[in-house]
Amino acid sequence: MFVLSAGTFATIAYATHSWGGYHWGRTANPFNLKLGDNVSTAWDGHLATASGDWSVSSVLDTTIIPGQAKLNCRPSNGRVEVCNKTYGNNGWLGMAQIWINSSSHITKGAVKVNDTYFNTLTYNTPAWRNLVMCQEVGHTLGLDHQDEIFDNPNLGTCMDYTNDPSTNQHPNQHDYDQLVTIYTHLDSTTTLGSIVLPKGNGADVNLDNPSAWGKSLRKDSRGNDSLFGRDLGGGDKLFTFIIWAK
Ligand SMILES: [Zn+2]
Ligand SMILES: [Zn+2]
């Protein structure tokens, strides 16, 4: 196991493949996470597949509900918003963002997939769409990548970087085991409700823009920054995971 400590950010342990131990606060299992559907019809089936795949977990279910994303896919507390758009040739295929409170609980999340690449021959395949949607939703549950080396043999999970998504379209048993590890304990409070938290979290910043992601915490095997962290003040943090196009 190796550990990276980056400035004011909590120590992140990779061997467990949880995302820094961050998790939704909840008082009972299985809990239900709402996924707001803001995606176009080309993505609906892949979102449904990802939602179904993650709901196999014994500790949680995900439910797709009508999207309520605000400008730039900004979510409200207690839910994840899922969005697609032609975000441009910015390099990233997909993005997941989670907001963390001072208790290390996830308070909201966003998933964005970039149609600028998914409209191309290379990426406009069910396998690529399933992998990226599954992986980004997985991040909003608190999961990390199992592997960030593109050229390794596939591990059979969407949480694995690859050049060939064919066998990496869904979670594997290790992901489900990891979720059990993350969520076995119960909390005294829930972050799955729509409680209003204090403002001041850079509410009007466009989080599609790398300048809003904070500092790079990690690079992938091609040397691209794959994880960013931003301190929002008051104990709140924003983490952004990026999967880059080749
Ligand atoms: Zn907890
Ligand atoms: Zn990722």
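Let's start at the zinc ion, ligand 1. In this predicted model, the zinc ion (ligand 1) is coordinated by His-23, His-105 and His-185, each through NE2. Asp-187 joins them, and it is listed with two OD contacts. The distances run from 2.0 to 2.7 Å.

Now look along the chain. How are the donors of ligand 1 spaced? The pattern reads H-x81-H-x79-H-x1-D. Take the pair His-105 and Asp-187, which links distant parts of the chain. His-105 is in strand 8, residues 105-114. Asp-187 sits in the loop between helix 4 (173-183) and strand 9 (215-219). The two are 82 residues apart.

Are these two buried or exposed? The cut-off for buried is under 20% relative accessible area. His-105 has 7%, so it is buried. Asp-187 has 15%, so it counts as buried too.

On to the second zinc ion, ligand 2. Which protein donors does it have? They are Gln-135 through OE1, His-139 through NE2 and His-145 through NE2. They lie 2.0 to 2.1 Å from the zinc ion. The spacing for ligand 2 is Q-x3-H-x5-H. Both histidines, His-139 and His-145, are buried.

Next, a helix pair. Two packed helices are described by the angle between their axes and the distance between the axes. Here the pair is helix 1, residues 41-55, and helix 3, residues 126-140. Their angle is about 50°, and their axes are 9 Å apart. Why call this pair oblique? Angles from 65 to 115 degrees are roughly perpendicular, those under 35 are roughly parallel, and those over 145 are roughly antiparallel. The angle of about 50° falls in none of these ranges, so helix 1 and helix 3 are oblique to each other. The crossing of helix 1 past helix 3 is right-handed.

Who makes the contact? From helix 1 come Ala-42, Trp-43, His-46, Leu-47, Thr-49, Ala-50 and Trp-54. Helix 3 brings Pro-126, Arg-129, Asn-130, Met-133, Cys-134, Val-137 and Gly-138. By type, the contact residues are nine nonpolar, four polar and one charged.

Last, the whole protein. There are four helices and eleven strands. How much of the protein is buried? Of its 246 residues, 54% are buried. Now take the contacts with a separation of 6 or more. Residues 24 or more positions apart account for 69% of them.

Notes: Residues numbered from 1 in each chain as written. Chains lettered and ligands numbered in written order. Predicted model: local features only at pLDDT ≥ 70, side-chain atom pairs only at ≥ 80, totals over all residues. Heavy atoms only, no water. Axes fitted to C-alpha atoms, helices over the stretch in contact; angles between N-to-C directions. Left-handed = near helix turned anticlockwise from the far one by under 90°. Contact = heavy atoms within 4.5 Å. Nonpolar A, V, L, I, M, F, W, Y, C, P; charged D, E, K, R; others polar. Donors = N, O, S within 2.8 Å, 3.2 Å for Na, K, Ca; no water. Buried < 20%, exposed > 50% of the residue type's maximum accessible area, 1.4 Å probe, protein only.
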